[in-house]
Amino acid sequence: MKDKGDAFIESVNKWVEAINALDCFIIVEGGRDFKSLVGLGITNEIAIINKGMHLYEFIEQNENKMKDKNVIILTDWDKKGKKLYDLLKKMLKGYGINDNAFYRKSFVQIFYKYTSCIEDAYSIYKKILENNM
């Protein structure tokens, strides 16, 4: 019988596998979020929004990369992150770009009881993986 750690590791691995099978463009808040997703094994393009440019500039700069792709907005799920998610979602819609909320929701469901920050995901995963060996 699987324990909670095994189920968590399996859920993360399945999520990463599903993301990597998509043609997607992932948006994160900062560099530590980027590193965390790469640590988990994400191989798709990941773009950082907090690089000193306005959100409109970010969208215009990446509009062609996002067209016809699964756009996944992975901001934190604290109050600030949710606000940013809602704003980005609305702005992208104005450019005719829809986000794929399913993968954000599933990521949040997996990590919700451990953290509210994307940047912590890899270290949590690694710690639980090590404890289950």
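# Aromatic pairs, cores and buried faces

The structure holds 6 aromatic pairs. The model under discussion is predicted.

User: Why is the pair of W15 and F107 called tilted?

Analyst: The ring centres of W15 and F107 lie 4.7 Å apart, and their planes meet at 55 degrees. Centres within 6.5 Å make a pair, while planes under 30 degrees apart count as stacked and those over 60 as edge-to-face. The angle of 55 degrees belongs to neither class, so the pair is tilted.

User: What makes this a link between distant parts of the chain?

Analyst: W15 belongs to helix 1 and F107 to helix 5, and the two are 92 residues apart. Both W15 and F107 are buried. Ring pairs also join F8, W15, W77, F107, F111 and Y114 into a cluster.

User: Which residues have the most contacts inside the largest nonpolar core?

Analyst: They are W15, I26, L37, F107 and F111, in a core of 27 residues. Several elements each supply at least two residues of this core, among them strand 1 (24-28), helix 2 (31-40) and helix 5 (101-111). The largest share, 6 residues, comes from helix 1. A second, separate core has 18 residues, including L55, M66, I73 and M91.

User: Which residues does F107 touch, leaving out those up to four places away in sequence?

Analyst: F107 touches W15, L37, L40, L74, W77, I118 and A121.

User: How do you know whether F58 is buried or exposed?

Analyst: The relative accessibility of F58 is 2%. Buried means under 20%, so F58 counts as buried. F58 lies in helix 3. Beyond its neighbours within four places in sequence, F58 is in contact with F25, I27, A47, I48, I49 and M53.

User: How do you know whether K90 is buried or exposed?

Analyst: K90, which lies in helix 4 (residues 79-94), has a relative accessible area of 65%. The cut-off for exposed is over 50%, so K90 is exposed. The C-alpha atoms of K90 and E60 are separated by 14 Å, and the two residues are 30 residues apart along the chain.

User: Why does D68 count as exposed?

Analyst: D68 has a relative accessibility of 81%, and because exposed means over 50%, D68 meets the definition. D68 lies in the loop between helix 3 (55-66) and strand 3. Although D68 is not a glycine, it has a positive phi of about 60 degrees.

User: Why are the buried residues of helix 6 said to line one face?

Analyst: In helix 6, A121, I124, Y125 and I128 are buried. Viewed down the helix axis, the buried residues fall within an arc of 100 degrees, so they line one face of helix 6. These buried residues pack against helix 1, helix 2 and helix 5.

User: How do you know that strand 1 and strand 2 pair, and in what sense?

Analyst: Two strands pair if at least two bridges are found between them. Strand 1 and strand 2 share 4 bridges, so they satisfy this condition, and the sense is parallel. The bridge partner of V28 is I48, in strand 2.

User: Which elements make the β-α-β unit, and what is its handedness?

Analyst: Strand 1, helix 2 and strand 2 make the unit, and it is right-handed.

Methods: Residues are numbered from 1 along each chain as its sequence is written. This is a predicted model: local features need pLDDT of at least 70, side-chain atom pairs count only at pLDDT 80 or more; totals for chains, interfaces and linings use all residues. Side-chain values use heavy atoms; hydrogens and water are left out. A nonpolar core is a set of buried Ala, Val, Leu, Ile, Met, Phe, Trp, Tyr and Cys residues joined through side-chain atoms within 4.5 Å. Buried means under 20% relative accessible area, exposed over 50%, partly exposed in between (1.4 Å probe, protein chains only). Contact means heavy atoms within 4.5 Å. A crossover is right-handed if, with the strands pointing away from the viewer, the path from the first strand over the helix to the second runs clockwise. The arc is that of the directions from the helix axis to the C-beta atoms.
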